[in-house]
Amino acid sequence: RHKQFAAYKATREKIPGELVEQLEWLRELVRAHGIPIFEVPGYEADDVIGTLSRAAERAGWQVLIVSGDKDMMQLVSERVTLYNVFKKGVDVELQSFEAVREKFGTTPEHVIDVLAIMGDASDNVPGVKGIGEKGAAKLIQEFGSVAGVLAHLGEVKGKQREYIERDRAQLLQSLDLVTIRDDVR
């Protein structure tokens with residue numbers, strides 16, 4: 001993603017050097033306890049998690065992803081649940097279809113569409129400037145997907161149409177950036 005969009009995650013704080021120095025020791029400790037580590041050069045951890053969760057799901061397993069990352073909501077299914085232990089003021093939260101609907105007003109398969117339109121400040125994904133989470137959710141509820149919005153752009157009302165026309169290329173790039181890969185090899 002950094003090759004596609006140089007500013008991807010540019011607003012995040014750098015990992016402290018002392019922590020980076022400890023990562024290999026941590027990997028060795030984890031391996032020593034017999035816990036496998038899955039890393040694929042050129043892919044983010046999200047993509048590896050997406051690939052493993054889809055493979056486990058196809059094999060009939062129940063999958064529990066521990067993450068506070070809203071991007072992971074696109075992986076939720078009947079067999080995939082998010083275990084969000086990172087939400088401030090909440091002890092533990094299991095997030096399934098209902099949590100996705102509450103957060104994004106849509107189903108897991110359309111989380112990427114909402115994120116692409118609204119952008120994602122934590123990953124520095126631009127989206128469409130001027131359209132926030134509520135506006136993005138309404139557009140996806142009405143048109144089904146980013147492709148549906150673009151196919152029916154003439155039906156989009158007011159400033160939203162102007163914003164989408166202006167940021168069309170950025171919207172398509174954002175859609176690609178927020179999509180977790182599930183085919184990492």
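Two rings of Phe, Tyr or Trp form a pair if their centres lie within 6.5 Å.

**View 1. Aromatic rings in the predicted model****.** Under this rule, the number of aromatic pairs is 0. A ring does take part in another kind of arrangement: the charged end of Lys103 sits over the ring of Phe104. The distance from that charged end to the ring centre is 5.8 Å.

**View 2. Thr106 in the loop between helices H3 and H4****.** Helix H3 covers residues 97-104 and helix H4 covers 111-118, with Thr106 in the loop between them. Thr106 has a relative accessible area of 7%, and because a residue under 20% counts as buried, Thr106 is buried. Leaving aside residues up to four places away in sequence, Thr106 touches Val100, Arg101, Val111, Val114 and Ile140.

**View 3. The largest pocket and its lining****.** The volume of the largest pocket is about 330 Å³. Its lining is made up of 13 residues, and Phe38, Glu44, Ala45, Asp46 and Ile49 are the closest of these to the pocket centre. Sorted by class, the lining of the largest pocket holds 8 nonpolar, 1 polar and 4 charged residues.

**View 4. The second largest pocket and its lining****.** This pocket holds about 270 Å³ of space. The residues that line the second largest pocket are Leu23, Leu26, Arg27, Val30, Ile35, Pro36, Ile37 and Glu39. By class, 6 residues of this lining are nonpolar and 2 are charged, with no polar residues.

Note on methods:
Residues are numbered from 1 along each chain as its sequence is written. This is a predicted model: local features need pLDDT of at least 70, side-chain atom pairs count only at pLDDT 80 or more; totals for chains, interfaces and linings use all residues. Side-chain values use heavy atoms; hydrogens and water are left out. Helices (H or I, at least four residues) and strands (E, at least two) are DSSP runs, numbered from the N terminus. Buried means under 20% relative accessible area, exposed over 50%, partly exposed in between (1.4 Å probe, protein chains only). Contact means heavy atoms within 4.5 Å. On a 1 Å grid over the protein atoms alone, a cavity is a set of points where a 1.4 Å probe fits but cannot get out, and a pocket is an open set with protein on both sides within 12 Å along at least five of seven lines; lining residues have an atom within 4 Å of a point. Grid points are joined across faces, edges and corners, and a volume is the space filled by probe spheres set on the points. Ala, Val, Leu, Ile, Met, Phe, Trp, Tyr, Cys and Pro count as nonpolar, Asp, Glu, Lys and Arg as charged, and the others, Gly among them, as polar. Rings of Phe, Tyr and Trp (its six-membered ring) pair if their centres lie within 6.5 Å; planes under 30 degrees apart count as stacked, over 60 as edge-to-face and the rest as tilted. A charge sits over a ring if NZ of Lys or CZ of Arg is within 6 Å of the ring centre and within 35 degrees of the ring normal.
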